[in-house]
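I opened this notebook to keep track of what I looked up, entry by entry. The notes begin with a covalent link and then turn to the sheet around part of that link.

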Amino acid sequence: QVQLVESGGGLVQAGGSLRLSCAASGRIFSQYVMGWYQQAPGKQRELVATINSGGITKYADSVKGRFTISRDNSKNSVYLQMGSLKPEDTAVYYCNIKTYDWLGSAYDYWGQGTQVTVSS
């Protein structure tokens, strides 16, 4: 079992910045993908950015050049630095980890979500 605790959401004006943090605890295998997803009201949850155990990152087109995902392996943590925020970035942001055991079986966990609201 893995627990994810998010922090850093809030209200910010358009053009501003926020940094989200997610700390993971529990049984995490050496192979994993950690990331952030967003869910706006009435919409499906969508990928924002991911980083894998090899340090490879992936971003949604809508956030490329504005958001940066990073990690601190010593703290089992992942971060999302959000810049040049737009009202359309308003959503609940969820931290996710997919970790894979030696058989290749995947274990998928979600945080509780943190609200990001960008005012115009």
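Entry one, the disulfide. In this predicted model, I looked for cysteine sulfur atoms within 2.5 Å of each other, and I found that cysteine 22 and cysteine 95 are joined in this way, with 2.0 Å from S to S. The count for the structure comes to 1 disulfide. I then looked up how the link is turned, and the angle about the S-S bond is -85 degrees, which makes the link of cysteine 22 and cysteine 95 left-handed.

Entry two, what the link connects. Cysteine 22 belongs to strand 3 (residues 18–26) and cysteine 95 to strand 9 (residues 91–100), so the disulfide ties together parts that lie 73 residues apart in sequence. I also asked whether these cysteines are buried or exposed, and I noted that cysteine 22 and cysteine 95 are both buried.

Entry three, the sheet that holds strand 3. I followed the pairing and found an open sheet of 4 strands in the order 1-3-8-7, with antiparallel pairing. Strand 1 (2–7) and strand 7 (67–72) each have a single partner strand and stand at the edges, so each has one side without a neighbour in the sheet. On average, and with direction ignored, neighbouring strands here are turned by 15 degrees against each other.

Entry four, back to cysteine 22. Strand 3 runs antiparallel to strand 8 (residues 77–82), and 6 bridges join the two. Within strand 8, I noted valine 78 as the bridge partner of cysteine 22, the residue that is also linked by the disulfide to cysteine 95.

Definitions and conventions:
Residues are numbered from 1 along each chain as its sequence is written. This is a predicted model: local features need pLDDT of at least 70, side-chain atom pairs count only at pLDDT 80 or more; totals for chains, interfaces and linings use all residues. Side-chain values use heavy atoms; hydrogens and water are left out. Buried means under 20% relative accessible area, exposed over 50%, partly exposed in between (1.4 Å probe, protein chains only). Two strands pair if DSSP finds at least two bridges between them. Axes are lines fitted to C-alpha atoms, for helices over the stretch in contact, and angles run from 0 to 180 degrees between N-to-C directions.
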